[in-house]
Amino acid sequence: MPPRFTHGDIKKVLRKLRFVSKSGSNLYKGIGHDRLPHTCKFDYHNDHAQLATGTAQKIAKSLGFKDQQELLDFINRSI
């Protein structure tokens, strides 16, 4: 079973990796976990809303992680 993430988890990861968005935009830009430039489209709703596993997989890839497990390890280790 793949790990589950909330919108709050992803918001914390974006903040930790210093991704920024223009005011009112849901497109974030920054340097990903793999030290390469990335963009991530993330529609924030509230901290406790769960992400679908496919959405979490896409977000993990767009942040430079190889899979959801690596993202979960980053969250547990760094946040």
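User: Which backbone nitrogen does the side chain of His7 reach, and at what distance?
Analyst: Bear in mind that we're looking at a predicted model. His7 sits in helix α1, and away from its sequence neighbours within four places it is in contact with a run of residues including Tyr44, His45 and Asn46. Out of that group, the backbone nitrogen that the His7 side chain reaches is the one of His45, at 3.4 Å.

User: Is His7 buried or exposed?
Analyst: The cut-off for buried is under 20% relative accessible area. His7 comes in at 5%, so that makes His7 buried.

User: And Arg15, buried or exposed?
Analyst: Arg15 lies in helix α1 too. Its relative accessible area is 56%, and exposed starts over 50%. So Arg15 is exposed.

User: How far apart in space are Arg15 and Pro3?
Analyst: Along the sequence, 12 residues separate Arg15 and Pro3. Going C-alpha to C-alpha, the spacing between Arg15 and Pro3 is 20 Å.

User: Which residues of α1 are buried, and what covers them?
Analyst: The buried set of α1 is His7, Gly8, Ile10, Val13 and Leu14. Their cover draws on strands as well as helices. It includes β2 (27-31), β3 (37-41), α2 and α3.

User: Just after α1, which residue takes a positive phi?
Analyst: The angle in question is about 60 degrees, and it comes just after α1. The residue is Arg18.

User: Where does Leu51 lie, and is it buried or exposed?
Analyst: Leu51 belongs to the loop between β3 and α2. Its relative accessible area is 6%, against a buried cut-off of under 20%. So this loop residue, Leu51, is buried.

User: Which residues of α1 is Leu51 in contact with?
Analyst: Beyond its sequence neighbours within four places, Leu51 is in contact with Arg4, Phe5, Thr6, His7, Ile10, Phe42, Ala56 and Ile59. Helix α1 covers 7-16. From that contact list, the α1 residues are His7 and Ile10.

User: What does Ile10 have around it?
Analyst: Ile10 is among the buried residues of α1. Setting aside neighbours within four places in sequence, its contacts are Phe5, Phe42, Leu51, Ile59 and Leu71.

User: Which members of the largest nonpolar core touch the most other members?
Analyst: That core holds 18 residues, and α1, α2 and α3 each supply at least two of them. The ones touching the most other members are Ile10, Val13, Leu14, Phe42, Leu63, Phe65 and Leu71.

User: Which helix is Gln68 in, and what is its relative accessible area?
Analyst: Gln68 is in helix α3, residues 68-78. Gln68 counts as buried, and its relative accessible area is 6%.

User: What polar partners does the Gln68 side chain have, and at what distances?
Analyst: Away from its sequence neighbours within four places, Gln68 is in contact with Pro2, Pro3, Phe5, Thr53, Ala56, Gln57 and Ala60. A polar atom of its side chain lies 2.9 Å from the backbone oxygen of Thr53. Side chain to side chain, there's also a polar contact with Gln57, at 3.3 Å.

User: Why do the buried residues of α3 lie on the same side?
Analyst: The buried residues of α3 are Gln68, Leu71, Phe74 and Ile75. They share a side of α3 because the arc they cover around the axis is only 115 degrees.

User: What do those buried α3 residues pack against, and which residues are exposed on the other side?
Analyst: The buried residues of α3 pack against α1 (7-16) and α2 (53-62). On the other side of α3, the exposed ones are Asn76 and Arg77.

User: In what order do the helices and strands run?
Analyst: The tally is 3 helices and 3 strands. Starting at the N terminus, the order is α-β-β-β-α-α.

User: Why call the protein as compact as a globular protein of its length?
Analyst: For 79 residues the globule rule gives 12 Å. The protein is that compact because its radius of gyration is close to that value, at 11 Å.

User: What share of the accessible surface belongs to carbon and sulfur atoms?
Analyst: Buried residues account for 35% of the 79 residues. The accessible surface totals about 5,200 Å², and the share belonging to carbon and sulfur is 51%.

Conventions:
Residues are numbered from 1 along each chain as its sequence is written. This is a predicted model: local features need pLDDT of at least 70, side-chain atom pairs count only at pLDDT 80 or more; totals for chains, interfaces and linings use all residues. Side-chain values use heavy atoms; hydrogens and water are left out. Helices (H or I, at least four residues) and strands (E, at least two) are DSSP runs, numbered from the N terminus. Buried means under 20% relative accessible area, exposed over 50%, partly exposed in between (1.4 Å probe, protein chains only). A polar contact is a pair of N or O atoms within 3.5 Å; within protein, one must be able to donate a hydrogen and the other to accept it, and residues adjacent in sequence count only if both atoms are side-chain atoms. Contact means heavy atoms within 4.5 Å. The arc is that of the directions from the helix axis to the C-beta atoms. A nonpolar core is a set of buried Ala, Val, Leu, Ile, Met, Phe, Trp, Tyr and Cys residues joined through side-chain atoms within 4.5 Å. The radius of gyration is taken over C-alpha atoms; the globule rule is 2.2 Å times the number of residues to the power 0.38. Accessible areas come from the Shrake-Rupley method with a 1.4 Å probe; for residues, only the protein chains shown count as cover.
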